[in-house]
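Colleague: Can you take me through the cysteines in this protein, and then the surface and the membrane part?

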Amino acid sequence: MNASVLPFILIGIPGLEEFHMWISLPWSSMYIITIVANFAVLFFIKKEESLHQPMYLFLCMLLITDLVSSNASVPKMLILFWFDVREISFEGCLIQMYIVHSFSIMGSGVLLAMAFDRYVAVCHPLRYITILNSQVIAKIGLMVLLRGFLLVFPHPFLVQRLPFCRSNEIKQTYCEHMAVANLACADVTINILYGLFVALFVVGLDAFFIIISYVTIVRAVLKLPSRQARLKAFNTCVSHVCVILVAYIPALFSFIAHRFSTSVKPHVQVLLSNIYLILPPMLNPIVYGIKSKQIRLKALGFFQLRR
């Protein structure tokens, strides 16, 4: 089959096709919560000038990357579940692949930037605004954006060069890089190696620097004179730690499942990758909404005015 005109068929969740409609219920509920919660927090941050601080600007970046990656994958997934519309064009598949992977990398970069923000806030509180001024935040945002775009840039070309002469059925709910590459009737070693390099480079490097940041933070906090001061300092990091766990734990399980596919059932692999796409974007604004007193008060004030 000629790759330039090849339509792919998304299988959905292999072995659970008859349960697609039931699976769509929690998936669609989480997607609605994701859209509402993310836009609500973005709205409150925009309206409240006291929230125009580095921490909340980085949060805005995270929520925007979540919204883009969710909207690139979940609507198509739900259409598949509801209406059994499985076909996706080759070009559409490459675009979806690029957006999902690049914005996932951007999300990891923003988490690293947020760790740096917490490091400065705890270890250099008097210089916080000076270090994280608007120019520095803009440069960090640009670097996060460029890294995501450039690292995933080869993915579509690595897939486009492959001949597809066997099955065109993707055993996934969206166009994941290796799920598409594995359909090719050619050697995909380069795809495997580059995908592995990107995953280890991004998650490995980001996780390493995040750990270094928090080791430094913990050491600084333990040196504080009073228990109350230590608790206050730790409390400023709780939201970010929760968001990191929510982002990296599903990603880790999804990565392990795909690398050890012979011992993990296909439907488990797909469900894990779906959870990685749906769960963090839903929980991130909720975690910050609950833990941030300023966002919480702004939300309560908004709803009281609407009564």
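Modeller: What follows covers the disulfides, the cysteines without a partner, a surface patch and the transmembrane record. Keep in mind that this is a predicted model.

Colleague: How many disulfides are there?

Modeller: The count comes to 2 disulfides. One joins Cys-93 to Cys-175, with the sulfurs 2.0 Å apart. Cys-93 sits in helix H3 and Cys-175 in the loop between strand S3 and helix H7, so this bond ties together parts 82 residues apart in sequence.

Colleague: Are Cys-93 and Cys-175 buried or exposed?

Modeller: Both Cys-93 and Cys-175 are buried.

Colleague: And what does Cys-165 pair with?

Modeller: Cys-165 is joined to Cys-185, at an S to S distance of 1.8 Å. Cys-165 is partly exposed, at 49% relative accessibility, and Cys-185 is partly exposed too, at 25%.

Colleague: Why is there no bond at Cys-123?

Modeller: The closest cysteine sulfur, in Cys-237, is 8.7 Å away, which is too far because a disulfide needs the sulfurs within 2.5 Å. For Cys-242 the closest is also in Cys-237, at 11 Å, again too far for a bond.

Colleague: New topic. Which residues form the nonpolar surface patch?

Modeller: Phe-197, Phe-201, Leu-205, Phe-208, Phe-209 and Ile-212, with about 520 Å² of accessible area together. Phe-209 lies in helix H8, residues 189-222, and is partly exposed at 38% relative accessibility.

Colleague: Where does UniProt put the transmembrane regions?

Modeller: The unreviewed UniProt entry lists several, including residues 25-45, 95-116 and 192-222. In the model, residues 25-45 are 100% helix, with end C-alpha atoms 30 Å apart. Residues 95-116 are also 100% helix, with their end C-alpha atoms 32 Å apart.

Note on methods
Residues numbered from 1 in each chain as written. Predicted model: local features only at pLDDT ≥ 70, side-chain atom pairs only at ≥ 80, totals over all residues. Heavy atoms only, no water. Patch = residues over 30% accessible without salt bridge, like charges linked within 9 Å, V, L, I, M, F, W, Y side chains within 5 Å. Areas by Shrake-Rupley, 256 points an atom, 1.4 Å probe, with all protein chains shown as cover. Salt bridge = Lys/Arg side-chain N within 4 Å of Asp/Glu carboxyl O. Helix = DSSP H or I, 4+ residues; strand = E, 2+ residues; numbered from the N terminus. Buried < 20%, exposed > 50% of the residue type's maximum accessible area, 1.4 Å probe, protein only. UniProt positions renumbered as here; feature names shortened; annotations may be inferred.
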